[in-house]
Amino acid sequence: MKSNDVKSFRVALDGVEHRVDYRPGAALLDCMIDADLDPAFQCREGHCGTCMVLKIAGEVEMRQNNFLSRRDLERGYILLCQSIPLSEDVWVDCDA
C-alpha cells in the first residue's frame with residue numbers, strides 16, 4: 001500500500017481517540033494540525049524529538065530521523081513531523 005491509498009489514521013491525544021483524515025504526501029503532524037488537534041511539536045524537521053509518539057499499529061515511513069535512537073525505533077517510537085502512513089491501520093499514541 002502507498003500513502004496515496006491511506007484515507008485516515010487513529011490518534012490518541014489527551015486521553016481522547018480521534019480518527020484523522022490523511023492528505024496524501026503529508027506528515028501525520030500536518031494532518032493532525034489540519035484537523036484542529038494540538039499535538040506537541042517544535043522544529044518540524046526531525047531534530048528535536050518534541051513530536052515523538054508511540055506507534056501502536058500500522059506502518060509508517062519517516063522521511064528523516066536525526067533524534068530517535070535505534071532502541072527508540074525498536075520500541076515503536078516515531079516522529080509525527082516526519083512520518084508518512086503506509087497502511088490504513090496506523091494508530092499513534094501521543095500520550096505514551
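Buried here means under 20% relative accessible area, exposed means over 50%, and partly exposed lies in between. The exercises below concern a predicted model.

**Exercise 1. Strand β1 and its neighbours**

Task: Determine how many residues of strand β1 (residues 8-13) are buried, and establish with which strands β1 pairs.

Solution.
1. Apply the cut-off for burial to each residue of the strand. In β1, 5 of the 6 residues are buried, and the strand is mostly covered.
2. Examine the pairing with β2 (residues 16-21). The two strands are antiparallel and share 6 bridges. One of the contacts pairs serine 8 with aspartate 21 of β2.
3. Inspect the connection. β1 and β2 make a hairpin with 2 residues between them, and aspartate 14 in this turn has a positive phi of about 55 degrees.
4. Turn to β7 (residues 91-93). This strand runs parallel to β1 and is joined to it by 3 bridges. Arginine 10 has tryptophan 91 of β7 as its bridge partner.

**Exercise 2. The order of the sheet**

Task: Give the order of the strands in the open sheet of 5 strands, and explain why β2 and β5 (77-79) each have one side without a neighbour.

Solution.
1. Write the order as β2-β1-β7-β3-β5; the pairing in this open sheet is mixed.
2. Identify the edges. β2 and β5 stand there with a single partner strand each, so one side of each has no neighbour in the sheet.
3. Add the twist, which averages 35 degrees from one strand to the next.

**Exercise 3. Positive phi in a loop**

Task: For aspartate 36 and arginine 44, state the phi value, the location and the exposure class.

Solution.
1. Recall the general expectation: most residues other than glycine have a negative phi.
2. Consider aspartate 36. Its phi is positive, at about 65 degrees, although the residue is not a glycine. Aspartate 36 lies in the loop between α1 and β3. Its relative accessible area is 73%, and because exposed means over 50%, aspartate 36 is exposed.
3. Consider arginine 44. Its phi is also positive, near 60 degrees, and arginine 44 is placed in the loop between α1 and β3. Its relative accessibility is 41%, which means that arginine 44 counts as partly exposed.

**Exercise 4. Cysteines and disulfides**

Task: Decide how many disulfides the model contains, and explain the result for cysteine 43 and cysteine 81.

Solution.
1. State the cut-off: a disulfide requires two cysteine sulfur atoms within 2.5 Å.
2. Test cysteine 43. The closest cysteine sulfur belongs to cysteine 48 and is 3.7 Å away, which is too far for a bond.
3. Test cysteine 81. The closest cysteine sulfur is that of cysteine 51, at 3.6 Å, again too far for a bond.
4. Conclude that the count is 0 disulfides.
5. Describe the surroundings. Cysteine 43 lies in the loop between α1 (28-34) and β3 (52-57) and is partly exposed, with a relative accessible area of 25%. Cysteine 81 is buried, at 7% relative accessibility.
6. Place cysteine 43 relative to aspartate 5: the two are 38 residues apart in sequence and 28 Å apart in space, C-alpha to C-alpha.

Key:
Residues are numbered from 1 along each chain as its sequence is written. This is a predicted model: local features need pLDDT of at least 70, side-chain atom pairs count only at pLDDT 80 or more; totals for chains, interfaces and linings use all residues. Side-chain values use heavy atoms; hydrogens and water are left out. Helices (H or I, at least four residues) and strands (E, at least two) are DSSP runs, numbered from the N terminus. Buried means under 20% relative accessible area, exposed over 50%, partly exposed in between (1.4 Å probe, protein chains only). Two strands pair if DSSP finds at least two bridges between them. Axes are lines fitted to C-alpha atoms, for helices over the stretch in contact, and angles run from 0 to 180 degrees between N-to-C directions.
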